[in-house]
Structure formats: C-alpha cells, structure tokens
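The following exercises concern one strand and its surroundings. Please examine the sequence and the structure before reading each solution.

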Amino acid sequence: SQAPTPILVEGLEEIQELREELQELKEGMEAPRPRGDVSPNTDANRLLRSVEETVSEKVRRCDAAAELCERLARRMEWQLNPEDTRAGSGVPGEQNAYEGMILQREGPWSLYESKGRYSFDDTSGWLSTAGSKVGQFICRRLQPFPLALDDMARPERRLSVKIITSDLVAEMQKVENQGALFMVCSQLNGAAYPSPETLVHHLEDYKHQHSSAAEGQLAAHPAAAQFLLDNAANVERVGGINALDLLLSRVEGFQVTNGYLKFLPTKPAEEAENLKNLQKELHNLRSVIMEDVSVKGLRPDRSLAGRDHRVGLFYASSLEGDGEYQMKVAELLLTAQYYGALRYAAESSPSPQRRRKVFLTPLGGLHGVSMAKAMRMLDEDAWSRLSVSCLVGDAAAASELRGLLQPAGSTSPKASKVPRELFRPSDDSSDGDFRPSPIQESSTESRISVLMRRVDHQASELQSLREKNEELSEAVDQYNLQQKVSRSLAGLES
C-alpha cells in the first residue's frame, strides 16, 4: 500500500499572512502622530477591526488542520509500531474510540446515478454525507466481563420467537420495521468479500455478487457500505475494522486474514488450551454495528428503494468447521455473535413497553444451535425488552429451528441476572491543549498584543506538527517498502 500523503498544514500559511498583517498594524500604531492627535491611526484602526473579524475563523481552521495533522501522525505511528498500539474502544464518546480502526474518515461513494462524499466524526461516531447523518458506527466489545457460558445449556425457558420465511432485504425495507436491528452477514471486518483472496474496494462491485452478504450491504445507504469497505482490515492496510483484534491479542491458534478466520497449525494438546482460552476471552469479541442507518439502497431486484426510515445493522460472520475442534470454535464464535446482537438490542431498547425488534439471520451450518444458546444466555429483563424474529429460507429450516427453541426438560432454577454494561463517555477533564482567551475590550495596543500572542502560538504549534509529520512520513515510506518486498517474496504481490 502507498504511504498516506503528509498533511502540510494549509493553515500555517494563513497564520503567517495574518502575522504579517498584525506586524504592519503594530508598526502603524507606533508611527509618530501629529501633536494633539490622541486617536489611533485611522488606517491602522480599520485594519485592526478587519483582523478581529477574521482571526477567530482563521484560528478555528488552523485548529482543525492541526487536529488532522495529529490524527495522521497517530495513524503513521500505528503503521510503524502496530504491536505497541491498541485499537480504540469503538464506543462513541470515549477518548480515541476509533484509533487504529477507522483509517479513512472522508471519501467518495457512488451507486448507479447516486454519488457523494461521506465524512466520519470520530468523537460521536456519526457518518454523514451532504450534511445529513447516515448512521452511527459502533465497534465495541460484547461486555467487560466473561460470558456466562454455563447458561447456554439451560433449556427450561420457553422462548417467544417468531420464525419467518422471508428475505432480509425485504424486511429491512418495510416501513413498519423502523428502528429494528437486523443481523447482516459479513466478514469479521464488516465487508462482504467473496473469498479470502478477493478484496472488494468499491461499492459498485457488490452488484455483481449474488450473496446475502452483498445484498445486505447494498440495502442500506451506499455511504455506509463504502465507509466499511474503506476501513475493513485486510492485507493492504495496517489496522482497520476487525471484530477479533482484541480477542486474538489474548488467544493463540487463530488469525484473521481479509476478514476470514484462519486456523493456525496446532497440536491436539494445544487445541484444548486454545478452546479454554477462547471461552475465557470470548467477551472481547467486538460487535460491529451501524446504528440508525437510513435504508436508501437497493431492493432484492437491485432497483433503488428510496426509503426514508432507519434501522440498525449488526454485522456478523458466517463460520463453518470441518473437524471437531473447528466446529467447537465456530459454535462458540457464532453463539457470541448472536448474543452480542441480542444484548446490544436489549440495552438500546427504551423499555419493556417498547420492545425493540430484532431480526436474526442464519450464519453457517451451526446457526440454529448457536442462536438458541445465545437466547438462553439473556436474563429475563433483557429478554423482556426484545421482540425477536428469525429469518429462514424455507419450511424445513423453520421446523428445525422451532425444535431447537423448545424447552427440552423440566424447569430448573431461574436464570441469574447478568449485570448490564453501561457505556459512558470518558470523563477526562485534564486538557493541556492551548485555549486562547477571548479578546477583551481594551486599548488598541493591548488588543494587537493579544492577537499577536494567539498567532505566534498557532504558528509555533503548527510548525512543530508539520516537522513531526514529515519525519513520520519518511519512516512510513521505508516501512511500506519493506512490506511490499515481504509480500512480493511471499507471493502475495506481483
């Protein structure tokens, strides 16, 4: 991949021009005046008023440029030392929530005749285009404590679930499903790649796929799907969206390549240890969510829907297994994904009186067992906030799933309550950043001095950021060259 173009802060040039204007103003104020003339030089006073009208806007623009420069510097530091830098929490409002995860915050999107540019606010998590909010991106771990996996085997509770023979896209675009949460099949990076070796870069390429994953991506606003493609973790970039990054930093035996789970060679004794560690760390699986996203994509027949209502999308990966070990791993991860969707929907539901609709979809051959186990992991309070529907393809699948959801034996003690996780923005009031004090009404000379101090600070700050940016850019160039050589030797790049 190519190194990002360094941001040579445009605001620095504006600040220098402003400083020259102020210096001219200062000299004008110090010029000799006729005897008896106690008022400032008329031209200088006019220039001062002009400068005061524009200085706040110019400083704001320079602050924004400095923020972009610092953000790029952090991204390049991530590229140079990914093992020393942990991705953010993925929780809107928390400090550096999307660090190392969202690498491209602005970009173009197009679908048929519709086109535009998206922008992402890494404080609030909102994705926007043309001044309108498209959806809020969340990539949080399931919960801060281990999953109650023992509860998966409790069969006593009768689950009130609708089993619907229907299509995901058709249900998404029904107005009566406004506000519902839909599980959309994807890879572990939020994208819909057709194979581990085939990457998708442009939303338009999804139109040539005939999979439920691609159809789900195309059904919502095009900007959301393109944003995920631009930030999905793959072999072409360091960092990006990866639902297993936190989990695999604690568990050995697996890796994710282009969003696909890969089993590393292991011995039988190691498999048992890997499964034990996976169960222990399963709560660190990330839930990849686009909340409150507008449904303005394509219908199942690939025509434009033009809907205005909004839904939530929970991106989950279909997992399969060949042997017993792989099947156990797949079942654990599938169960965790279904549980993550249900838990998030319950937490985002306002009250039991206004249950949130959830539409679960099949994910691989083990989806029925995993879906039933995940439902029984929820406590009664969480379940009371949901209206759950399972989408299946035919009557046989509906009958099989219905059997799995029935209680299998006599009643046993009630489910223990699972503490509910509260996500709050971090409350870190320490801030060493410069905050210019407002210009007070005072003498003309003191007003000039205040402006000069603000401008001098901005010039110094932006110059140091520029120098750091240039140094990091050179280091990234060297790093990318090494990576290109390594991929070439490995046969990944011609």
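**Exercise 1.** Determine whether the two faces of strand 6 are covered or open.

*Solution.* On one side of strand 6 lie Leu181, Met183 and Cys185, on the other Phe182, Val184 and Ser186, and all are buried, so that both faces are covered. Here, buried means under 20% relative accessible area, exposed over 50%, and partly exposed in between (1.4 Å probe, protein chains only). Helices (H or I, at least four residues) and strands (E, at least two) are DSSP runs, numbered from the N terminus. The model is predicted: local features need pLDDT of at least 70, side-chain atom pairs count only at pLDDT 80 or more, and totals for chains, interfaces and linings use all residues. Residues are numbered from 1 along each chain as its sequence is written, and side-chain values use heavy atoms, without hydrogens and water.

**Exercise 2.** Identify the strands with which strand 6 pairs.

*Solution.* First, strand 6 runs parallel to strand 10 (residues 310–317), joined by six bridges; Met183 stands opposite Phe314 there. Next, two bridges link strand 6 in the parallel sense to strand 11 (residues 356–360), where Phe359 faces Phe182. Strands pair if DSSP finds at least two bridges between them.

**Exercise 3.** Describe the surroundings of Leu181.

*Solution.* Leu181 belongs to strand 6 (residues 181–186) and is buried, with a relative accessible area of 1%. Its contacts (heavy atoms within 4.5 Å), not counting residues up to four places away in sequence, include Phe314, Tyr344 and Phe359. The C-alpha atoms of Leu181 and Tyr344 are 9.2 Å apart, although 163 residues separate them along the chain.
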